[in-house]
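Student: I have a new model open on my screen. Could you walk me through some of its charged pairs and strands?

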Amino acid sequence: MSTQLSVAIKISILSALHFDKRSKRLNVNKKMLWVSIIFLIFTATNAVELSGILKLFTPNDVILSAAADNMVSKLEKEYMKYLETGVETPTFNYLTMQLGSSRNGMDKYVRNIHKLKPVDEFFVCVVCRAMVGVIDRTFRDEQNDLNGPKGDVVAKKIAMDACQRLKVQTKEVCEGLFDGHWPILRYIIENTSVDAKTICSFYIQFTFCNVADHPKFNFNLELDDADQPSIIASKSNRGRKTSKDLNILHLTDIHHDPLYEPGSLAECDEPLCCQRHKSLAIGTPKAAGYWGDYRECDLPWHTVNQAFTHIRQAHADIDYIFQTGDVIDHMMWSTSMAKNKVVYERVVKRIYELFPEVPVYPCIGNHEAHPLNLFSPTYAPDSVNSHWLYEFLYDIWSKWLPADTKETILRGGYYTALPRPGYRIISLNNNDCYTDNWWLFYNGTDMKTQLMWLYETLLAAERANEYVHILAHLPSGDDTCWNVWSREFNRLVRRFRETISGIFNGHSHADEMHVHYTSGGYAVAVTFNGGALTTWTYKNPNYRIYRVEPKTLQVVDHETWIFNLTAANIAGAAESPRWFKEYIFSEEFTDDLSPAGLDNLLEQMADNPRLLEKFWRFKMLSTDQRLRKGCNRSCMLKTICRLAVTVNDQRRRCEELTARLIKAMDSSYE
């Protein structure tokens, strides 16, 4: 299909849509729009190259949604025919060929959904809906010939056929993922009424694929906040540095890979490399570095151990350690209870050995679970329950945690503790908001239990005049955190803004922060993200040290330490990496780390693109490849927006800042 014809299609569709500014409604020439959509869908599902038509549309385009619906319907129907008859029709072969050839390298496996290009989002959307639909029909329809005692065999046949036919991943990866996840997925499918469209809408939030309504999965916390004063200004009470400041080490996303082998192949077809095929890599740029690798690789033990040893030697004054999850590697298709236990215990015990006198406060990452990402409700049957993980973690964590944390850790992997009078730590297992956690599809209101516990704990802290630090793995504004959870969590943050002195996350592998706002645009809290120790992907290993004012527990400064992986690998095993202080926040940006102070910094970044670009360099941990690539206009807009979003459908402050940034960038080119 020619470019001119493709553009003509989109113009004809858009011309059928007219936005009336006065009524603020979208008027539609229905006949013209219908004709255009039919033509587009026909073209999109019969074109020589599917990716060609997708380049014309944005991820939020209603036309892409219609095209996806059409292709899903066709693919699901044709797949069912194939399974029932064994006959591959020309339409079936053509659809699967188009989807299989549309994949864009490894992006779908090493990037979150919201970072994918439209062609990859389209692939994920269509494959998710069609294949979940096929499995759904197979195992819910009692009259279906494919159901019955051989159901598990049939399901694996479907999954492996789709994996290879659509080029989803290697056979080894698909088989491992299926074997690990299928028992839980089958239980969920057979015991919930959620359909394929709803499941995939949960998984792919905020794109054209998210078109389903979820009334059964919405809830509001019942908060006793009727007598709370209106918020009329940003929280500006500012902590000052003192000689008695606490020093808190933040470690996150360690991702130790016990199979890492220096010199092995660092460019492979799986989501994690640097483990094998050494003979193919020797003497080539594809060989994995000694201390780690910027590509899809996690950390060898000698790098993890060297990092901990360096921290012990460089920082003798650490008062507390926050460890915000993801100790386990990215070999998601080959996890097991035994393997995860061995890796986790090895890493955490080494921290305890090197810092025997320093209290450690951990929380759970999505990679700690087996199967990956799945955290069941307490009432799930033993065969699919996560209680094994909570029991194991309590045995490890109990070295530093008080005995009264046992009940909630065993219930769901969360707890609260008092390091000293007036200072409370609350550690959440917010993986129940993670959209890759399939238990969301079972009963989305289950997560209300932990949030109500958080409310009650914060209320007790408020009455006791305690200040609180909240630890959680996922940032609430991340696209992979379910919007209902993040909305209700942020209601709690606003309600207890005077009690909460800091929030600390991991997961994103970026050195960043997020400002929490009210609906009126007032800044009330700040989340600090500590980057990641792992290099996966294209990051220098790093950790953070916070200076915390001892009375109100406010973060008054922080510094990030890194080593340059390129230089370390050139030296190799003969020399330990040279860690250095990458930056001190107060020296590069501002010494006012109150919510109001950081909101003011965001305004400065929006008006001064160079200041924002400097923040982005530190966010990317000064990684060589990232700096060479730079941050283009789209990258800059995403960077400023992410700083100001903690609930994904509440983007007022993001829109204000991006408008200012666009104006500033445009004026710089005049």
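Student: Is Arg653 buried or exposed?
Tutor: Happy to help, and keep in mind that this is a predicted model. Arg653 has a relative accessibility of 8%. The cut-off for buried is under 20%, so Arg653 counts as buried.

Student: With which residue does Arg653 form a salt bridge whose closest N and O atoms are 2.9 Å apart?
Tutor: Look within helix α24 (residues 652–668), three residues from Arg653, about one turn of the helix. The partner there is partly exposed, with a relative accessible area of 32%. Arg653 also belongs to a network of salt bridges that includes Asp599, Glu603 and Arg660. The 2.9 Å partner is Glu656.

Student: How many residues apart in sequence are Asp152 and Arg186?
Tutor: Their salt bridge brings the closest N and O atoms to 2.6 Å. Asp152 lies in helix α8 and Arg186 in helix α9, so the pair ties together parts of the chain. Asp152 is partly exposed at 41%, while Arg186 counts as buried at 17%. Their separation in sequence is 34 residues.

Student: Which residue of β9 stands opposite His469?
Tutor: Start with strand β8 (residues 467–471), where four of the five residues are buried. On one side, β8 pairs with β7 in the parallel sense over five bridges, and Ile425 stands opposite His469. Four bridges also join β8 to β9, again parallel. In β9, the residue opposite His469 is Gly502.

Student: Which helix joins β8 and β9 in a β-α-β unit?
Tutor: The unit is right-handed. Its helix spans residues 483–495 and is α17.

Terms used:
Residues numbered from 1 in each chain as written. Predicted model: local features only at pLDDT ≥ 70, side-chain atom pairs only at ≥ 80, totals over all residues. Heavy atoms only, no water. Buried < 20%, exposed > 50% of the residue type's maximum accessible area, 1.4 Å probe, protein only. Helix = DSSP H or I, 4+ residues; strand = E, 2+ residues; numbered from the N terminus. Pairing = 2+ DSSP bridges. Right-handed = clockwise from strand over helix to strand, strands pointing away. Salt bridge = Lys/Arg side-chain N within 4 Å of Asp/Glu carboxyl O.
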